[in-house]
Amino acid sequence: MRRRLGLAITAAALAVVLPVTAAVADPRDDKSAVDDRVKELQQEFEGLDEDLARVIAERDAAQEKLPDAEAESKAADDALAEAIEKDEDMAARLTSATNAQKDLKDSIKSGTEEIDKHKTSAARIGRQAYQNSGITSDLAMLLQMAEGTSADGGIGRVDSAVRSQQRTIDKLSEQRALNKNNEERLSGVTEKISDLKDEAAEAVLAKEAAQVDAKKKADSLNDLISAKDDAEKTISDNKDKTEKQLADEKAEQDRLAKKVRDWEKEQEKKGSFVFGDGVLANPAEGYPTTSPFGYRIHPITGAKKLHTGMDFGVPCGTPIRAAGDGIVVTSGWNGGYGNRVVISHGKIKGNSIASTYNHNTKLKVHDGQKVKKSQVISYSGTTGASTGCHLHFEIMENGGYVDPKPFIF
Ligand SMILES: [Zn+2]
């Protein structure tokens, strides 16, 4: 008889499970998924915002350095142009000095040739006179010429011709000496100009290197600025995309929030959220309470610890009854709680209330099952962290443990 009734209850329980199963497609689940996505997108958006600010700051810093770098590059261009001009000037001076020196050398050479020619001519005239007069040597003849004496009457004529040659030789020699002197002085000048030309060429190389460096610096700043511009654009695009996505998700979030509100209203209308009369009953009627809710000092360690529920001294296998109408949130093993049942009673006086039943030996309900007040949901035991058979009963108000006593007495 009892057995058949049990089956009937199970069947009825299965029947009421169906709408609860439908509640698996709870819009609150969808909304919470969208809430998570919105949160993620918001974080992503903020991250992009930070990236963007950083890139812009880096770009601005480079931009600030650019005018100086470009001015330096321009100054390096000018310095190079000046060095090149000086080098060309030195090259021109060196060429003209070298040419002048060459001209002088040519003049000296042709002067020497001319002198030689005249010397030859004088010697020839002397030899002819010697052959005619019997003078024994060129030296004697020249001595005679110098003293203005003559070996015979013919010498006077010879003397005049030789003197004419000698005057020409003297004039040429004077000119040649002058040219030699000028050439020597010019040689020193040319050497100095050549040194200056070398210096100018070196300066050109140095200025060229400086110009390359300055240009490189300005170029790399420009490259950096353009890279930052690109990055800014990419991040901005991403930001726009994320912003749009975020707006879409937020719209979806709003839509779902409305859907959830509607759903909750409907549930409340159906009575799924306000269960029964909102008055809870003792889950172990007729049994004594052995330990109250509240802080208690551990007899040995002295540690202060919250006793999150109240204990009932029930023998092993005592039927445990639901404190009120509701839906089974969980029914199963739960660590120190042992075999545990958690029932949501919906809202009572505006607060979400749930009750829990712990250390059971056997569970009679399953997740999602609708239960009525005083329905047997389990049999007491000492499973989990328990030293003997008892019922550890808890009330959760808006997710926190509160004293169950005012709810059931
Ligand atoms: Zn307890």
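# Reading strand 12 and its surroundings

User: Which residue in strand 12 is the bridge partner of Ala 354?

Analyst: Met 396 is the partner of Ala 354. Keep in mind that this is a predicted model. Now step back from the residue pair to the strand pair. Strand 8 (351–360) and strand 12 (391–397) are joined by six bridges, in the antiparallel sense.

User: Which way does strand 4 pair with strand 12, and over how many bridges?

Analyst: Strand 4 (310–312) is antiparallel to strand 12, with three bridges. Use Met 310 as a marker: Phe 393 of strand 12 stands opposite.

User: What should I look for in the hairpin of strand 12 and strand 13?

Analyst: Start with the pairing, then check the turn. Strand 13 covers residues 400–402 and pairs with strand 12 over three bridges, again antiparallel. Glu 397 faces Gly 400 across that pair. Two residues lie between the strands, and Asn 398 has a positive phi near 50 degrees.

User: Is strand 12 largely enclosed or left open by the rest of the structure?

Analyst: Count C-beta neighbours first: a residue is buried with 20 or more others within 10 Å. Six of the seven residues in strand 12 are buried, so the rest of the structure largely encloses this strand.

User: What about side-chain direction in a strand?

Analyst: In a regular strand, side chains alternate between the two faces of the sheet.

User: Which residues touch the most other members of the largest nonpolar core?

Analyst: That core has 24 residues. Val 328, Val 341, Ile 343, Tyr 357, Val 371, Ile 377 and Leu 391 touch the most other members. Strands 4, 6, 7, 8 and 12 each supply at least two core residues. Strand 12 gives the most, four.

User: What is Leu 391 in contact with, beyond its neighbours within four places in sequence?

Analyst: Its contacts include Pro 283, Ala 284, Phe 312, Ile 320, Tyr 357 and His 359. Do not stop at this core. A separate second one has six residues, among them Ala 76, Leu 80, Ala 83 and Ala 214.

User: Which strands stand at the edges of the open sheet 5-11-9, and why is one side of each without a neighbour?

Analyst: Read the strand order first. Three strands form this sheet in the order 5-11-9, with antiparallel pairing. Strand 5 (319–321) and strand 9 (362–363) are at the edges; each has a single partner strand, so one side of each lacks a neighbour in the sheet. Strand 5 meets strand 11 (residues 376–379) through three bridges. Pro 319 has Tyr 379 in strand 11 as its bridge partner.

Notes:
Residues numbered from 1 in each chain as written. Predicted model: local features only at pLDDT ≥ 70, side-chain atom pairs only at ≥ 80, totals over all residues. Pairing = 2+ DSSP bridges. Core = buried A, V, L, I, M, F, W, Y, C linked by C-beta atoms within 7 Å. Buried ≥ 20, exposed ≤ 12 C-beta atoms within 10 Å, placed from the backbone. Contact = placed C-beta atoms within 7 Å.
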